[in-house]
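Reader: I would like to work through this model with you, taking each feature in turn and learning how to read it before we turn to the particular case.

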Amino acid sequence: MERTKSWTPGRVLGTALVTLFALLCVLPLIYMVAISFTDSESLYIKLSDLRPNLSNYVYAITKRNFGTALKNSVITVVGSCLLVDVVSSMAAYGFEKKPVPGKEALFQGYLATMMIPGQVILIPMFLMMNRMHLTNTYAALILPMIGAFAILLMRQFMVAVPNELLEAAEIDGCGELRRFVTIVLPLVQPALITLTIFTFNSTWNNFLWPLIINTRSEMAVLPVTMSTLASNSTTNYGMVMAGATLTFLFPFVLYIFLQKQFVEGIALGGVKG
Amino acid sequence: MTTAVTRRRASKRTRREALIGAAYIAPSFVLMFIFTVIPIFLCIYYSFTKYDMTAAPEWIGFDNYVKLAANKYLGLTLTNTLQYVLITVPLQTILALLIAAFIAGSLRNRFGSFLRSVIFIPVIASLIASAAVWNVMYEPKGGLINQFLGLFGADPINFLGKKTTAMPSVAAVAIWKNTGYYMVMYYAGIMNVPADIQEAAIVDGASPWQRFRYITLPILKPITYMVVTMGIIGSFQVFDLVYKMTGGGPARATLTVAFMIYNYAIKDKRMGYACALAVGLLIVILLIHGIQNLFFREKEDA
């Protein structure tokens with residue numbers, strides 16, 4: 001079937017509107033980067049102010065704790081991704097490939113937790129962590145990151161792992177754990193990449209939980225440090241925007257290189273959910 | 001004899017497999033139990049207590065709920081939250097759907113896929129960084145939006161400082177940030193629509209609008225259901241944007257339920273009271289979800 005390629009008025013108008021929306025999507029971020037390079041306290045930027053000037057970045061990193069926050073964010077993100085990957089791929093394998101009695105009921109229970117607003121869990125978890133003396137630790141930031149969505153995502157991919165392959169390997173004398181590590185995990189690798197990116201993004205941008213559980217500034221993650229920076233210096237726009245740019249930079253670079261995987265998890269959530 | 005042995009061997013094998021399976025599921029179960037299930041029940045328990053973290057929780061029955069019902073800001077907070085939900089959810093859903101449908105239908109080329117990539121970018125930005133950027137955008141003195149409006153001779157608007165504009169301005173940031181996410185979901189859904197259905201409709205002389213209205217839209221219904229559900233649950237919990245952009249002001253015009261919970265729990269250390277409010281939020285979300293299910297089912301019957 002030949003697709004119409006002609007530029008009808010409707011198509012021109014639609015293209016213009018969608019392009020305009022796309023521009024609005026990136027304009028604030030371009031503005032953010034532009035202001036982060038100026039040292040003026042005014043927002044009326046002239047092109048002459050926009051010379052490569054890293055003083056805001058240097059100041060944010062050396063004087064305003066951004067170096068520490070960056071380190072904390074990286075540790076938290078790496079820990080969370082490892083935990084979520086391991087725990088949810090194991091769970092998905094158990095749910096999909098093993099005859100565990102009552103597993104479907106348990107799985108439905110997992111899914112039901114996705115309806116619970118975070119605030120319901122937040123306060124008791126805060127009190128529990130306090131009692132366990134886990135405040136101001138990385139564990140407090142990492143352990144609660146496992147959620148039903150990760151297990152659901154992995155299970156959807158686990159369906160495609162052929163049972164025959166696992167049975168054949170078993171007959172060949174391949175042990176249980178070795179089958180999981182050498183056959184299952186490589187087969188679900190694309191899903192693991194998608195899940196890792198998903199976990200990276202949600203952990204990196206997590207704000208409320210780190211804000212209340214890690215109150216010492218040397219244990220703060222980027223968004224939290226970012227938020228104190230903005231409220232302490234309302235007029236120094238350049239420095240605040242440098243902080244915002246630093247917070248945005250890592251997910252953005254990852255997005256540039258792994259765009260497809262970024263989008264995949266979300267697309268899947270819609271199509272299969 | 002032999003069949004009995006095989007059967008016994010088979011059942012032994014099944015039991016072994018079940019145990020191994022349970023072992024695989026166990027870590028997720030432990031974590032989900034400790035960090036999700038226990039807190040849910042604790043939240044309900046605390047909501048019937050007075051607890052300020054210095055002494056043990058003291059059982060006070062329904063006192064928190066009674067006090068909450070009499071709280072003079074509760075009505076305003078609920079209205080604010082509802083206003084935010086009613087601005088963000090319909091607009092982000094419709095925008096996402098229209099953009100996805102247009103790109104899939106008329107712009108299925110490199111430029112279209114470039115636009116999709118660009119529209120997704122705000123999704124990856126943290127809400128706090130987004131809030132900081134939009135604070136600057138909204139600045140009455142020299143913010144980009146007011147500079148733009150100034151070109152037409154308009155007086156600067158204090159978007160976040162006026163009671164009438166504060167909440168819509170915060171909601172606009174959420175729409176800016178969320179549309180790309182739902183657009184991706186819709187786009188994937190449209191790509192799943194069998195091409196021959198569309199082609200048959202074209203042969204039958206259906207206009208693009210008719211094809212959208214009578215083919216694409218009904219097929220996308222499960223996705224719309226997901227988008228609306230996720231949108232409602234997410235919007236009811238709005239915190240980061242309010243915290244960073246307005247702090248609940250001006251004059252409590254952007255005070256939302258989640259922000260109120262934070263204030264009572266973390267600022268005032270009234271844990272029981274905050275938990276009662278959280279339980280209330282859960283009930284409201286479940287109620288609205290129930291209404292939404294009814295609505296979606298009814299339309300299916302029609």
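**Reading helix contacts and the chain interface**

Author: Let us begin between the chains of this predicted model, where A:Val18, A:Thr19, A:Phe21, A:Ala22, A:Cys25, A:Val26 and A:Leu29 in helix 1 of chain A meet B:Leu115, B:Val118, B:Ile119, B:Ile121 and B:Pro122 in helix 4 of chain B. Sorted by class, the contact of these two helices comprises eleven nonpolar residues and one polar residue, with no charged residues.

Reader: At what angle do helix 1 of chain A and helix 4 of chain B pack, and how far apart are their axes?

Author: In general, a pair of packed helices is described by the angle between the axes together with the distance between the axes. Here helix 1 of chain A and helix 4 of chain B, the latter spanning residues 110–124, pack at an angle of about 40°, and their axes are 8 Å apart. That angle makes helix 1 of chain A oblique to helix 4 of chain B, and helix 1 of chain A passes helix 4 of chain B in a left-handed crossing.

Reader: How should I read the packing of helix 7 of chain A with helix 10 of chain A?

Author: The same kind of description serves within a chain: helix 7 (residues 148–158) of chain A packs with helix 10 of chain A at an angle of about 165°, the axes being 10 Å apart. Angles over 145 degrees count as roughly antiparallel, and helix 7 and helix 10 of chain A are therefore roughly antiparallel to each other. The crossing of helix 7 of chain A past helix 10 of chain A is right-handed.

Reader: Which residues of helix 7 of chain A and helix 10 of chain A meet?

Author: From helix 7 of chain A come A:Ala150, A:Leu153, A:Met154 and A:Phe157, and these meet A:Ala191, A:Leu195 and A:Thr199 in helix 10 of chain A. The residues of this contact divide into six nonpolar and one polar, with no charged residues.

Reader: How many residues does each chain give to the contact between chain A and chain B?

Author: Chain A gives 75 residues and chain B gives 76 residues. Among the elements giving two or more residues to the side of chain A that touches chain B are helix 3 (66–97), helix 10 (189–205) and helix 13 (237–257) of chain A, while helix 1 of chain A gives the most, with 14 residues. By class, that side of chain A has 55 nonpolar, 17 polar and three charged residues.

How values were computed: Residues are numbered from 1 along each chain as its sequence is written. Chains are lettered from A and ligands numbered from 1 in the order in which they are written. This is a predicted model: local features need pLDDT of at least 70, side-chain atom pairs count only at pLDDT 80 or more; totals for chains, interfaces and linings use all residues. Two residues are in contact if their C-beta atoms, placed from the backbone, lie within 7 Å. Helices (H or I, at least four residues) and strands (E, at least two) are DSSP runs, numbered from the N terminus. Ala, Val, Leu, Ile, Met, Phe, Trp, Tyr, Cys and Pro count as nonpolar, Asp, Glu, Lys and Arg as charged, and the others, Gly among them, as polar. Axes are lines fitted to C-alpha atoms, for helices over the stretch in contact, and angles run from 0 to 180 degrees between N-to-C directions. Angles under 35 degrees count as roughly parallel, over 145 as roughly antiparallel, 65 to 115 as roughly perpendicular and the rest as oblique. A crossing is left-handed if the near helix is turned anticlockwise from the far one by less than a right angle, and right-handed if clockwise.
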